[in-house]
Amino acid sequence: MDVLAAVVEVLKAEGLEVYLIGARAMAFYGVVRETRDWDLMIDAPYTPQLRDRLTRRLRELGLDVRWSWWGFSVEGPHGVHIDINYAALPVDDEFRRRANSYGIFKVPSVEDLVVMKLMGREKDLKDAVKLLRLVSDFEYLRRRAEEAGLLKELKKAAARAGVKI
């Protein structure tokens, strides 16, 4: 069984849009960082009903599902690890329009990916600095960061990247 494809199929069968985020999404933009797992984001906020439906369907496939505050993780055979995050940003029409199709996934725009990275841990902030050099729409990036309450973090990352925002 292709665990990744099976997980994405379950998510899509629930009517969810599936976005590739994390280091593998960065690779889509040519920024490479080693990773072993898959990081996905769904376009829905947390609800116990959604969590329970997804958990049941994934466990029916024989997968190990663990809940967390940010979403849940799925462990499959041969060390396959997939983190599924609830939407970190509003997945509005503009977010969808700016996303890119990539196989069975969509990839957020580089601007939206930067904002998501600004919400993370130290390695994510380092990723944001690298991605900032690829941003073309600083007005959109600034607006999204401001909406998320991350303008201070964006300014700090931009200074580290040598980018004027």
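**Entry 1: helices H1 and H3**

A crossing is right-handed if the near helix is turned clockwise from the far one by less than a right angle, and left-handed if anticlockwise. I needed that first for H1, which passes H3 in a right-handed crossing.

For the record, I am working on a predicted model, in which local features need pLDDT of at least 70 and side-chain atom pairs count only at pLDDT 80 or more, while totals for chains, interfaces and linings use all residues. Residues are numbered from 1 along each chain as its sequence is written, and side-chain values use heavy atoms, without hydrogens and water.

Helix and strand names follow DSSP runs numbered from the N terminus (helices H or I, at least four residues; strands E, at least two). I looked up H1 at residues 3–13 and H3 at residues 48–60, and found that their axes come within 10 Å and cross at roughly 145°. The axes are lines fitted to C-alpha atoms, for helices over the stretch in contact, with angles from 0 to 180 degrees between N-to-C directions.

Next I listed the contact (heavy atoms within 4.5 Å). From H1 come Val7, Val10, Leu11 and Ala13, and they meet Leu54, Arg57 and Leu58 of H3. By class, I noted 6 nonpolar residues, no polar ones and 1 charged. In this scheme Ala, Val, Leu, Ile, Met, Phe, Trp, Tyr, Cys and Pro are nonpolar, Asp, Glu, Lys and Arg are charged, and the others, Gly among them, are polar.

**Entry 2: helices H5 and H7**

I then took the pair H5 and H7, whose axes come within 9 Å and cross at roughly 30°. This crossing is right-handed too, as H5 passes H7. On the H5 side I wrote down Glu111, Asp112, Val114 and Val115; on the H7 side, Tyr140, Leu141, Arg144 and Ala145. The contact of H5 with H7 holds 5 nonpolar residues, no polar ones and 3 charged.

Two acidic residues of this helix got a closer look. Is Glu111 buried or exposed? Glu111 counts as buried because its relative accessibility is 5%, the cut-offs being under 20% for buried, over 50% for exposed and partly exposed in between (1.4 Å probe, protein chains only). Beyond four places in sequence, I found Glu111 touching Arg98, Val135, Ser136, Asp137, Tyr140 and Leu141. From Glu111 to Ala145 I counted 34 residues in sequence and 9.2 Å in space, C-alpha to C-alpha.

Asp112, also in helix H5, is at 0% relative accessibility and therefore counts as buried. Outside four places in sequence, Asp112 touches Leu89, Phe95, Tyr140 and Arg144.

**Entry 3: the largest pocket**

I turned to the largest pocket, with a volume of about 750 Å³. A pocket here is an open set of points on a 1 Å grid where a 1.4 Å probe fits, with protein on both sides within 12 Å along at least five of seven lines; lining residues have an atom within 4 Å of a point. The volume is the space filled by probe spheres set on the points.

Which residues are closest to the centre of the largest pocket? Of the 24 that line it, I noted Ile21, Trp70, Asn85, Arg121 and Asp124. Strand S2 (38–42), strand S5 (81–85), helix H5 (110–118) and helix H6 (122–132) each give two or more residues to the lining. H5 gives the most, with 3 residues. By class the lining has 11 nonpolar, 4 polar and 9 charged residues.

I followed Asn85, which sits in strand S5. At 18% relative accessibility, Asn85 counts as buried. Leaving out residues up to four places away, Asn85 touches Ile21, Leu40, Met41, Ile42, Trp70 and Gly71.

I also checked Asp124, one of the buried residues of H6, along with Asp127, Ala128, Val129, Leu131 and Leu132. What do the buried residues of H6 pack against? I found helix H2 (23–28), H5, helix H7 (138–147) and helix H8 (151–161).

**Entry 4: three loop residues**

I looked up His78 in the loop between strand S4 (71–75) and S5. His78 has a positive phi of about 65° although it is not a glycine. At 82% relative accessibility, His78 counts as exposed.

Pro45 lies in the loop between S2 and H3 and is exposed, at 58% relative accessibility. Beyond four places in sequence, Pro45 is in contact with Leu50 and Tyr86.

Last I noted Gly15, in the loop between H1 and strand S1 (18–21). Gly15 is exposed, with a relative accessible area of 58%. The C-alpha atoms of Gly15 and Ala27 are 26 Å apart, with their positions 12 residues apart along the chain.
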